[in-house]
Amino acid sequence: MKAFLARRFLAAIVSIIGVTLVVTLFLRAIPGDAVDVMLGEQAGEVDREALREAIGLHLPPHMQVWTFIRDIATGELRTSLPPFRARVLPLIGEKLPKTMLLAVVAMLLAIAMAIPLGVLSARKQGTATDHGAMIFSLVGVSVPQAWLGPVLILVFAIHLGWLPALGGEGARAIVLPAITLSLGMMAMLSRMTRSSVLDVNREDFVTTARAKGLAERTVIWRHVVRNALVPVITIAGLQFGALLAGAIVTEKIFNWPGMGTLLIESIQRRDYNTVRACVLVFTVLYVLVNLVTDIAYGIVDPRIRVRGGKR
Amino acid sequence: MKAPFDIILRAMVLPGARPTDDEGHQVIPDFASSPKHPRSRRISRQERIRRTLRRYLLAWIGLGLVTLVTLAAVFAPWLSPYTPDAMNLANELAGPSRAHLFGTGDNGVDVLTHVLYGARISLLVAMLTTLVSVVVGVSLGALAGYAGGMVDGLLMRLVDVVLAFPGILLAIFITAVLGPAVEHLILALALTGWVGYARLARGQVMALRDREYVQAARALGATPLRVVVRHLLPNIAGPILVSATFGLPAVILAEVALSFLGLGVPPGTPSWGALLESGSQYLLVAPHLAAFPGLAVIITVLGFNFLGDGIRDRLDPRGRRAG
């Protein structure tokens, strides 16, 4: 168990360091002058120098990385927009909860829809219900958010007028963004639930449960589904990071004031420091969620860590 | 990270959904208590043919859709009723009509023409990205699987680290810094895209490298390169093909997302994502602007997914024995 934990931590830490290096040093790897790329060739010399200083390009590489880490840790990191005064961290502190809220609601929605659908589909294997559910899940992974979101807005906000289209306050405002964000995951999870239920259903202990005369309902929900859900929930956890990344698109569609909107706005304003802080925060979250999921899975199912340890 | 990935693979790539009994007849696994379906039942020849046709029906539909879209992309200049930059200011943002089957957009450009040209760009990006990812991933994965030891350990740690990155986020960062361009898009997506193929190739090579025919080749003095290229790669091509068939539509969706965020293709390039982006700004006055490019994406991605499902079923050895 210790070796398993150590390996997981190590990979997580290396990933975070890797992203830190990428976001700090990537500008140096570009051929030509990075500042030209960012400001355009006609920018004045004063602006260039100020930008160089704000993003640490005037420093040697190791100092640039160190300064960035130090500034993030102490909260001293400032935007790289003139006049270089606003701090980045309070901005992120304000936006991050909104993105987390959206992602968590979307994930719960996906799980709540996918599990019943997948179980139903497995129980009716080979029937029209099963085929219908699986075609739905194939369609679900094929629909781009950038299309689904606008369609939902048109139908439910504009034509039916049931829900607010953009922005808005309260619980109603989150419904359409959460559906948009969750569809892909919902589709994928329902497929996984189906195949997992079918796998478990063939296990000996399920036959035993039936043989001893338990009601079919008890067998399915107590014995089959409970075991089948372990891998499904794990995948859901691992996909949470993808959901966070997907939220960037959803936020743009619905004008949701979260991290994604901040990231895209900062990119458009060429506010490089905010961009890299956002990327780093997203990555840290992603890595942490994966780490926690992995460890939780290792604790629930000891086979995993044994097999992982031998590798 | 390995364990859940195995589960994904098992669920997505090698589902044990179609087991057969000893004589190769399909067995219908079912819930034993259901009186309609006994636990296993032989099926007649006729029933089997019907079932095979039905099983591959979706795959045929998928192949049809993919072919259709590919032809549309290749022959876009001949199929398009207008040129991509033909404007008609008198007829802006008009709905579908006989002259403009998909309606007109900003400045009266023909939406159908843009969707056709968009197919070129979106498919080109997806195919090149997948090609680069497969070549890099399979080379490294096969190397790791065949060499084993230190090389394998190092490469797999690298894979672990790259897998821990949110790929789309890295792509956003890279395209944001480098600026929108097709090459940057491909670079950004392939940078994390190769790891899946590397894992798959490594696992497959490890499973095969001690088979008799591989040992025989080695005993005859074949160099490692020759063993891998001539004996191993042809035998692992199937699963890699399946994986690429699922990977390609994922790249199309990633391109759509990036272009929608204004980070994919340069402004003015009609990729599907860019068309969706500009279309969604006219959602109220001209919903057809976003609807048609979106439908094109859905049809294409769905086609690849259907096709991938079919190929996977065909290549799954347990499925094949029954067929």
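**View 1. A salt bridge between B:Asp309 and A:Arg191 at the interface of the two chains.** In this predicted model, the side chains of B:Asp309 and A:Arg191 come together in a salt bridge, with N and O 3.0 Å apart. Across the interface of chain A and chain B, the rule finds two salt bridges, while five residue pairs are in polar contact between these chains, both residues of each pair being at pLDDT 80 or more. On the side of chain A that touches chain B, the residues divide by class into 42 nonpolar, eleven polar and 13 charged. The contact as a whole draws on 66 residues from chain A and 60 residues from chain B, and the two chains bury about 5,600 Å² between them, of which 73% is on carbon and sulfur atoms.

**View 2. A salt bridge between A:Lys252 and B:Glu277.** The side chains of A:Lys252 and B:Glu277 meet in a salt bridge with an N to O distance of 3.2 Å. Because A:Lys252 belongs to helix α10 of chain A, whereas B:Glu277 belongs to helix α10 of chain B, which covers residues 272-280, this pair joins two chains. As for exposure, A:Lys252 is partly exposed, with a relative accessible area of 28%, whereas B:Glu277 is buried, with a relative accessible area of 18%.

**View 3. A network of salt bridges in chain A.** The residues A:Arg123, A:Arg210 and A:Glu216 are linked in a network of salt bridges. Within this network, the side chains of A:Glu216 and A:Arg210 meet at 3.1 Å, taken from N to O, and both A:Glu216 and A:Arg210 are buried. Over all chains, the count by this rule comes to ten salt bridges.

**View 4. A salt bridge between B:Arg218 and B:Asp210.** In chain B, B:Arg218 forms a salt bridge with B:Asp210, and the closest N and O atoms of the pair lie 3.9 Å apart. This distance still counts as a salt bridge because the cut-off is 4 Å. The residue B:Arg218 is partly exposed, its relative accessible area being 33%.

**View 5. The surroundings of A:Glu251, a buried residue without a salt bridge.** In chain A, A:Glu251 has its place in helix α10, which spans residues 216-254. Although A:Glu251 is buried, it has no salt bridge, and the nearest side chain of opposite charge, that of A:Lys95, is 8.3 Å away. What the side chain of A:Glu251 does reach, at 2.9 Å, is the backbone nitrogen of A:Thr261. When its neighbours within four places in sequence are left aside, A:Glu251 is in contact with A:Thr99, A:Leu102, A:Trp256, A:Gly258, A:Met259, A:Gly260 and A:Thr261.

**View 6. The buried residue A:Ala106 and the residues that it touches.** This view centres on A:Ala106, which is found in helix α5 of chain A, a helix that takes in residues 89-123. The residue A:Ala106 is buried, and its relative accessible area is 0%. Not counting residues up to four places away in sequence, A:Ala106 touches A:Ala178, A:Leu181, A:Ser182 and A:Leu243. Between the C-alpha atoms of A:Ala106 and A:Lys2, two residues that are 104 residues apart along the chain, the separation is 34 Å.

Conventions:
Residues are numbered from 1 along each chain as its sequence is written. Chains are lettered from A and ligands numbered from 1 in the order in which they are written. This is a predicted model: local features need pLDDT of at least 70, side-chain atom pairs count only at pLDDT 80 or more; totals for chains, interfaces and linings use all residues. Side-chain values use heavy atoms; hydrogens and water are left out. Helices (H or I, at least four residues) and strands (E, at least two) are DSSP runs, numbered from the N terminus. Buried means under 20% relative accessible area, exposed over 50%, partly exposed in between (1.4 Å probe, protein chains only). Lys and Arg count as positive and Asp and Glu as negative; His and the chain ends are not counted. A polar contact is a pair of N or O atoms within 3.5 Å; within protein, one must be able to donate a hydrogen and the other to accept it, and residues adjacent in sequence count only if both atoms are side-chain atoms. Contact means heavy atoms within 4.5 Å. Buried area is the accessible area (1.4 Å probe) that two parts lose on being put together, summed over both. Ala, Val, Leu, Ile, Met, Phe, Trp, Tyr, Cys and Pro count as nonpolar, Asp, Glu, Lys and Arg as charged, and the others, Gly among them, as polar.
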